[in-house]
Amino acid sequence: MTRLMNSLSRPDRPRPTLSYREVAATRNPAALPEGYHHLRHSAVVGHGRAAFEAAGAAVTTWRMHRATGARLVADSDRAAPGVAVEISAGLGPLRLGAPCSVIWTAYEEQRIGFAYGTLTGHPECGEESFMVHLEPDGTVRFAVTAFSRPASWYTRLGGPVIPLLQRAYARHLGRTLRRLVRT
């Protein structure tokens, strides 16, 4: 059990809180808040309604994130507002956890996905959305939209390398989702 899940299950411990003010700002990818690094990435992952539904399910049931090799623990099997999520990477004692809370979801005819926001204890501060869109021509597009800034000494020390790693991870998510949709 991770530190986040332990703190959520113990009523004697304070519940982690969101670490930023611009809650739900990723709903409008064209107007992300100032003062943050912005990330916008999209990739075609398939074609047709079946591919759209498969991609949407992989995103909202955490399958996509887990398939990248990241460890993900959530207090629900499906994305919904208020669900606590912790993603971690690394090995053994060098594992770095990133606690988040799902802020908003979209389970619509042409759009499926969610956004989570960082909680206290996350190395970054901000929000990230993961959306699958079914375009009019049947193209299925996956989009990651985020705004973030360092919240810990080591992400501040990482400087310009951190946004490069975030962009690389967004690309990795797109490739992973494309593979999941094909299988």
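Is E135 buried, partly exposed or exposed? Select E135: at 25% relative accessibility, this residue counts as partly exposed (buried is under 20% relative accessible area, exposed over 50%, partly exposed in between, with a 1.4 Å probe and protein chains only).

Some ground rules. This is a predicted model, where local features need pLDDT of at least 70, side-chain atom pairs count only at pLDDT 80 or more, and totals for chains, interfaces and linings use all residues. Residues are numbered from 1 along each chain as its sequence is written, and side-chain values use heavy atoms, leaving out hydrogens and water.

Now add R141, which forms a salt bridge with E135, the closest N and O atoms being 2.8 Å apart (that is, a side-chain nitrogen of Lys or Arg within 4 Å of a carboxyl oxygen of Asp or Glu). R141 is partly exposed, with a relative accessible area of 25%.

Next stop: E109 and R49. Their salt bridge has its closest N and O atoms 3.2 Å apart. Pull back a little: E109 is in the loop between β4 (96-107) and β5 (111-118), while R49 belongs to helix α2 (residues 49-60), 60 residues apart. (Helices are DSSP runs of H or I, at least four residues, and strands runs of E, at least two, numbered from the N terminus.) E109 counts as exposed at 55% relative accessibility.

Then pick R111 and E108, whose side chains meet in a salt bridge at 3.0 Å, N to O. E108 is partly exposed at 40% relative accessible area.

Finally, show the whole protein chain as a cartoon: you'll find 5 helices and 7 strands. Of its 183 residues, 48% count as buried.
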